[in-house]
Amino acid sequence: MEAASIAHEHHGPPPAHRSSRVAAPTLGMMLFIISEVMIFGAFFTAYFFIRVVNHNPWPAPGTSLPEATTGINTAILISSSLTLHWALTSIKRGNRFGLKAGMTATFLLGLSFLTIQIIEYIHIGFAPRYAAQSSVFYALTGLHGCHVIIGLMLLLMVTIRAFRGHYSPESHQGMEVPGIYWHFVDVMWIIVYTTVYVI
Amino acid sequence: MALSAKLRTPGWYRAALYDVLGFAFAFGLVVLVRWLMHQHPVIDGKAITIVALIAVPLAFLIGMGAADYWFYWAIGRPTRAEDHSAHGAHTWRDYFRVNTDHKVIGIQYTVSSFFFLFVGGLLAMLIRAQLAKPGMQFLTTEQYNGVFSVHASLLIFLFVIPVFAGLANFVLPLMIGAPDMAFPRLNALSFWLLPLAGLMMLASFLAPGGSFAAGWTAYAPLSTTMPLGQLFFTIAIQLAGASSIATALNFLVTIITMRAPGMSFFRMPLLVWANFSTSLLVVIATPFIAASQFLVLLDTSLHFHFFDAYVGAGKNGNVIMYQHVFWFYSHPAVYIMMLPGFGIISEILAVKARKPIFGYRMMAFSLLAIVVLGFTVWAHHMFVSGMAPWIRIPMMITTAIIAVPTGIKIFSWLATLWRGVLHMDTPMLFALGFLTMFTLGGISGVMLAMVPFDIHVSQTYFIVAHIHYVLFGGSLMTIFAGVYYWFPKMTGRMFDDRLGKWHFWTTFIFANLTFGPMHYLGMQGMPRRVAEYAVQFAGWNLFISLCSFALGASTLIFLYNVVASWRGGPRAAANPWRAMTLEWQVSSPPPIFNFDAVPTVVGGPYEYGIPGAVHGIFKPPVEAQKATAGATAFSTPPSQESH
Amino acid sequence: MRKHPLLQMGVLGAAVTAVLLAIVLSIHWFPTDASTQAHNVRTLYDVLLIVSVPIFVIVLTVVSYSAWHFRMKPGEEDTDGPPIHGNTRLEVVWTALPAILLVGLCAYSYSVLRSNEKTHPGAMVVNVTARQFAFEFSYRNAAGREVVSPDLYLPRGRPVVLHLRSLDVVHSFFVPQFSEKLDAVPGIVTTLRITPTRAGHYPVECTELCGAGHSLMRTGAFVVSPAAFHTWLSSQKPNGPPPVGNPPKAAAQPGVPGSTTPVANPKPPKE
Ligand code: HEA
Ligand code: HEA
Ligand code: CUA
Ligand SMILES: [Cu+2]
């Protein structure tokens, strides 16, 4: 998201020599995603120790997880990745309508995913304190939920700016970089879904 | 400026106002939630503290204006064109506001870290005073646990790690010929997170029930059953962690995308290599300590059961899991606290021995080897933890193997000294002191890797000895060396070399007298983290305490030297050490934007002893080629570009 | 007339090594050893010293010798050293040698570990329960009833297996004279093997920070003759119901969590 700031630097200092083809903001986002993956890695360590090492039954006895509804929810989130991609390709082709429509759709899909997830929490029928397994369940899905919220904020910024006429076929890094993050959030959810709900 | 205006423009006034709002928000939120959930009483001090500990620092950062730009940008409002009012320091006041100049940030980092060295050191003096005699002294056992926990946490998370980031912040962009860091605003943000983390740790002393007292390792379930103070650690770690991740990203991106023309990876000074490796460690490992503290926070505040393993309903958590997650960060962390020091030593030895670094490429590769191996040894802290026994064997082997790349570095430094022309001034003395003390600490580390021996000395003063030989004799020695070495560049003044030598000898002698005997105490069976010990250990403990006070006093020499020289020292030349690396080719202190034109790198950074050799020249690439047509023969070819 | 620097240094280094080794090997680092395990650890440590002292001396002598012999002399202010960039042969040597040394040390430590943790069929079982801030040692007497004692009594020469449990936070059981140490971890049973060899009274220390009382969480270990041990055991009045049998299978290997014999669950005392 620093794209703009880089652009500004050349008011005073000499232009920095570009020693790599990768753009700084993109590289920064990639590295940040490595950190994010590690955060999830740590939470999955907790999952591993409590489910596998401790031989605890999964899910905790007397609880059940709504694979089906969450499956549909997963589909919703994945489709948001597609609409986001559509938005990006549209602006690359200079199609502003595609950009706006795509971004709006992406944002709304993400929002509905979050809402459904919250509704699921309300109806799931057990609290984190019920058992270590339920702690892990809430921790992993909750951690991902936080990432969805951050992602939604980024998407909202991009959408606003899209409607304010920003971005063009030449310069669209401002939406490309948040886009990378959103795709990461989706991929991460597929992993969480399979490990927590499916297997 | 009218107060109302002051409250609207970024700065301390607005920060103060926002802090009040932040606290009000925390209070309101907690009360509202508890009211909605019909919990009584609606006003719960603990919950409010937790939310406030998160909300108030963030409010402060926004108030200081660390995020203004991004807000404008986010909502697509035209961002204030960069007038560089936020750049450079013209008066001392400029060090007390959000500043995007890497040189200013570097000094902000370094100075505030040293503040925490002195606080942490004073706490160490308390520790030693308490341990001077057997039997309880003036501290209660809780207070004592609190004191050494804060001592270690401050010195690790707010001194060693940030001070290295600070020094690198100042010199690294200069060294690679960049006008600034890649993300100047992120850079400012990651600095301003630190004082908040440090003050939070200190504030824990005021918390009811005293400061956090579970050691810097904060093992669960002890940390989850502690009074409120523990949460100050849990959350301060999040701030410090976020700060170091942000800085690491910044370094990596800067090094990869902003090197001057001709600065191939194998023409980078080893300090740049060192910070490159360190940043990799930070980016990959630091999320784990963040996560470990998240889990503790969830257990403490929301009654999750990650670490409750008492038999009973729902109490089927796993205690050892905390230690795995924690050490998967905290072992790499010890290299985060050493690799930048290795870089500093390489710079100093080459310049002060007037010789090229011996085996430059192996020096670079050994850094990367340490990074990789560093992730494969965490469980050597858990040999007696009751984890599955077989894990100890692979961990013993990988841990021992780490000595090989480290050894390569040590021996290459020795070879660099050999037949050189050694300028025995203060930075050099500290570098040599580091070589000897760190080797000793490293060897005791290799002994610890040997499981049966570790089983005997684990959790005893032998460990405390190892800690301080590597952290004091290793990290702190390199930090002193680096501060003296770059002092002329950072302040534009020369330090007093005679005082510097005094500082070195007192520090070197008393550090060894303080930490050496701890090996013996540990093997005799004196446990660490005890406020009171058996009479048989009395003699040595008294001796250690006395020496430690002298050691403390020795740092006062440093303090005086630095303050006096900064205010009234003789003006420093641009390149007092006749060094080749780029930061010495500009004035001291460097001009506000580092270079008028980005320099061109035509040779290796350490080509001492070669007539006419140059590292970089201030000409665009084309002329640079002509200018050095003769000299380029010796220069290492620009191989391994980072494309 | 001047001897070659390397030669001078070799001589110097050898001398220093000899002296240092003599000193460090003559220091009594350990408390008296009172178990077979402790004995092995002491030999291991001597080996470690013999390996590490020369390495340390190499570094020490090269540093101090160069500091003295290669220091800048008046008039050399502007002279530089010879531009030596490296020497592959040398670098291979100082990579390979330490590697070989270390692999050797690991192999030796491994064998020591194996013999220290050998299982003995006739070993006596003692259940150790740690809580803030005390240890509790429980035996089975001749009648198979449980006997509980605040300090540890062991018969000399008989292998013992300690099964460690914790009721609140992590504690650690350490007897310096035995050179053995292991954490007591809530939720799992950890196993420690000791063969006491010397009669005496030794300290039992908690070596894992466990709260305010950690410093004071100590008790005694008494190694006595087998006869004396049996008289002590039978003199203790048993408590609790007849035995529920030996500790569960899981107890055999540490690190297998969960499957503990249910122990009471007092919340950690708040101080
Ligand atoms: C700067 C920080 C730093 C550094 C660099 C190191 C470096 C090493 N450390 Fe240390 N360590 C700590 C900081 C550090 N450590 C801290 C803070 C703790 C305690 C944590 C706590 O519990 O509070 C700790 C604890 C610790 C333990 C756990 C002990 C216990 O709690 O039971 C172990 C065990 O293996 C260990 C091993 C090592 C090893 C093998 C190295 C190696 O990297 C050292 C390699 C260097 C050399 C070996 C010297 C130079 C090499 C040569 C001259 C070549 C030839 C040498 C040989 C062939 C031997 N360390
Ligand atoms: C970089 C890291 C670092 C540094 C620099 C130090 C520096 C010192 N440390 Fe510390 N220490 C740790 C990291 C560090 N330590 C860690 C990680 C632990 C483990 C904690 C745990 O178990 O959780 C530890 C634990 C630890 C213990 C063991 C506590 C216990 O287990 O019970 C002791 C005991 O002696 C100790 C002592 C000292 C001393 C005397 C210094 C001295 O070097 C300090 C000297 C410096 C100063 C004193 C500066 C301030 C001086 C002044 C302000 C001048 C005025 C003062 C006087 C003249 C008295 N430290
Ligand atoms: Cu129990 Cu320390
Ligand atoms: Cu380690």
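**Exercise 1. The iron atom of ligand 2**

Why is the arrangement of donor atoms around the iron atom of ligand 2 octahedral? Name the protein donors and place them in the chain.

*Solution.*
Step 1. Note that this is a predicted model.
Step 2. Find the protein donors. They are His151(B) and His468(B), each through NE2. They lie 2.0 to 2.1 Å from the iron atom.
Step 3. Place them in the chain. His151(B) belongs to helix H6 (residues 141-175) of chain B. His468(B) belongs to helix H17 (residues 461-491) of chain B. The two are 317 residues apart, and the pair links distant parts of the chain.
Step 4. Look at the angles. Ideal angles for six octahedral donors are 90 or 180 degrees.
Step 5. Apply the rule. Six donors count as octahedral if opposite donors are over 155 degrees apart and all others between 65 and 115. Around the iron atom of ligand 2, the six donor atoms subtend angles of 87 to 177 degrees, so the arrangement is octahedral.

**Exercise 2. The copper ion**

Which residues coordinate the copper ion (ligand 4), and what separates this ion from the iron atom of ligand 1?

*Solution.*
Step 1. List the donors. His331(B) gives ND1, while His380(B) and His381(B) give NE2. The distances are 1.9 to 2.0 Å.
Step 2. Read their spacing in sequence. The pattern is H-x48-H-H.
Step 3. Place two of them. His331(B) sits in helix H10 (residues 319-336) of chain B, and His381(B) in the loop between helix H12 (360-374) and helix H13 (392-401), so the pair ties together parts 50 residues apart in sequence.
Step 4. Turn to the other metal. The copper ion (ligand 4) and the iron atom of ligand 1 are separated by 4.4 Å.

**Exercise 3. Chain A and its side of the interface**

Describe chain A, then work out how chain A meets chain B.

*Solution.*
Step 1. Count the elements. Chain A has six helices and zero strands.
Step 2. Get the dimensions. Along the principal axes, the C-alpha atoms of chain A fill a box of roughly 60 × 35 × 20 Å.
Step 3. Count the contacts. 55 residues of chain A touch 58 residues of chain B.
Step 4. Take the area. About 4800 Å² is buried between the two chains, with 69% from carbon and sulfur atoms.
Step 5. Check the polar side. The interface of chain A and chain B holds 14 residue pairs in polar contact, but zero salt bridges.
Step 6. Assign the elements. Helices H1 (3-9), H2 (24-53) and H5 (132-163) of chain A each give two or more residues to the side that touches chain B. H2(A) gives the most, with 18 residues.
Step 7. Sort this side of chain A by type. Its residues divide into 31 nonpolar, 17 polar and seven charged.

Key. Residues are numbered from 1 along each chain as its sequence is written. Chains are lettered from A and ligands numbered from 1 in the order in which they are written. This is a predicted model: local features need pLDDT of at least 70, side-chain atom pairs count only at pLDDT 80 or more; totals for chains, interfaces and linings use all residues. Side-chain values use heavy atoms; hydrogens and water are left out. Contact means heavy atoms within 4.5 Å. Buried area is the accessible area (1.4 Å probe) that two parts lose on being put together, summed over both. A salt bridge is a side-chain nitrogen of Lys or Arg within 4 Å of a carboxyl oxygen of Asp or Glu. A polar contact is a pair of N or O atoms within 3.5 Å; within protein, one must be able to donate a hydrogen and the other to accept it, and residues adjacent in sequence count only if both atoms are side-chain atoms. Helices (H or I, at least four residues) and strands (E, at least two) are DSSP runs, numbered from the N terminus. Ala, Val, Leu, Ile, Met, Phe, Trp, Tyr, Cys and Pro count as nonpolar, Asp, Glu, Lys and Arg as charged, and the others, Gly among them, as polar. Donors are N, O and S atoms within 2.8 Å of the metal (3.2 Å for Na, K and Ca); water is not among the atoms, so sites may look incomplete. Four donors count as tetrahedral if all angles lie between 85 and 135 degrees; four count as square planar and six as octahedral if opposite donors are over 155 degrees apart and all others between 65 and 115; anything else is irregular.
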